[in-house]
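Below are some reading notes for a colleague who has not met this structure before. Please keep the sequence and the model open while going through the points.

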Amino acid sequence: MILVSTDYISGKELEMLGLVKGSTIQSRNVGRDITQGFKTLVGGELKAYTEMMNEARAIATKRMVEEAEKLGADAVVNIRYASAAVLQGAAEVMAYGTAVKYKA
């Protein structure tokens with residue numbers, strides 16, 4: 001499965017199959033939250049949160065690909081990511097794009 005952020009794949013004619021998406025909601029770990037809170041006092045990267053968001057993006061992408069595969073897609077183009085706070089301590093990450101099939 002080819003995944004691209006462009007709306008085309010060089011050298012391929014594409015048939016659009018439709019919108020596909022995947023999402024996950026991740027919550028913070030209380031212990032991790034406390035240690036990351038201390039980090040905000042001195043500044044710098046909050047590595048535990050970076051790891052959490054990287055994992056969330058990977059899960060959302062995998063779910064998007066699974067939806068595309070169910071449609072018989074060869075690729076997903078125009079991929080985008082979005083995130084939003086759902087409630088205190090939890091965030092949703094969504095991956096979405098257009099499932100396409102190569103024209104013969």
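1. Tyr102 has a relative accessibility of 24% and therefore counts as partly exposed, since buried would require under 20% and exposed over 50%. The residue belongs to strand β4. Please bear in mind that the model is a predicted one.

2. What sits over the ring of Tyr102? The charged end of Lys12 does, at 4.6 Å from the ring centre. Lys12 is also one of the residues in contact with Tyr102 once neighbours within four places in sequence are left aside; the others are Ile2, Ile9, Glu13, Leu14, Asp74 and Ala75. As for pairs between aromatic rings, the structure has zero.

3. Among those contacts, Leu14 deserves a separate remark. Leu14 and Tyr102 are separated by 88 residues in sequence, yet their C-alpha atoms are 4.8 Å apart in space.

4. The strands come next. There is an open sheet of four strands, ordered β1-β3-β4-β2, with mixed pairing. Its edges are β1 (2-3) and β2, each of which pairs on one side only.

5. How do the individual strands pair, parallel or antiparallel? Between β3 and β4 the sense is antiparallel, with ten bridges. Between β1 and β3 the sense is parallel, with two bridges. Particular partners can be picked out: Leu3 is opposite Val76 of β3, Ala75 has Val100 of β4 as its bridge partner, and Ala84 is opposite Glu92 of β4.

6. β3 and β4 also make up a hairpin, with two residues between the strands. Gly89, in the turn, has a positive phi of about 90 degrees.

7. Which residues make up the largest nonpolar core? The eleven are Val20, Ala56, Ala60, Met64, Ala68, Ala73, Val76, Ile79, Val93, Ala95 and Ala99. Two or more of them come from each of α2 (47-70), β3 (75-87) and β4 (90-102). The share of α2 is the largest, at four residues. Apart from this core there is another, of five residues, including Leu14, Ala75, Val77 and Val100. Ala75 and Val100 of this other core are the bridge partners named in point 5.

8. Met64, a member of the largest core, can be followed outward through its contacts. Beyond residues up to four places away in sequence, Met64 touches Leu3, Val20, Lys21, Gly22, Val76, Ile79, Ala95, Tyr96 and Gly97. Of these, Val20, Val76, Ile79 and Ala95 are listed in the largest core too.

9. Is Thr24 buried or exposed? Its relative accessibility is 8%, so Thr24 counts as buried, the limit being under 20%. Thr24 lies in strand β2 (residues 14-27), one of the two edge strands of the sheet.

10. The side chain of Thr24 has a polar contact of 3.3 Å with the side chain of Gln26. Setting aside residues up to four places away in sequence, Thr24 touches Ala56, Ile59, Ala60, Arg63, Ala91, Glu92 and Val93. Ala56, Ala60 and Val93 from that list belong to the largest nonpolar core, while Glu92 is the residue opposite Ala84.

Key: Residues are numbered from 1 along each chain as its sequence is written. This is a predicted model: local features need pLDDT of at least 70, side-chain atom pairs count only at pLDDT 80 or more; totals for chains, interfaces and linings use all residues. Side-chain values use heavy atoms; hydrogens and water are left out. Rings of Phe, Tyr and Trp (its six-membered ring) pair if their centres lie within 6.5 Å; planes under 30 degrees apart count as stacked, over 60 as edge-to-face and the rest as tilted. A charge sits over a ring if NZ of Lys or CZ of Arg is within 6 Å of the ring centre and within 35 degrees of the ring normal. Buried means under 20% relative accessible area, exposed over 50%, partly exposed in between (1.4 Å probe, protein chains only). A polar contact is a pair of N or O atoms within 3.5 Å; within protein, one must be able to donate a hydrogen and the other to accept it, and residues adjacent in sequence count only if both atoms are side-chain atoms. Contact means heavy atoms within 4.5 Å. A nonpolar core is a set of buried Ala, Val, Leu, Ile, Met, Phe, Trp, Tyr and Cys residues joined through side-chain atoms within 4.5 Å. Two strands pair if DSSP finds at least two bridges between them.
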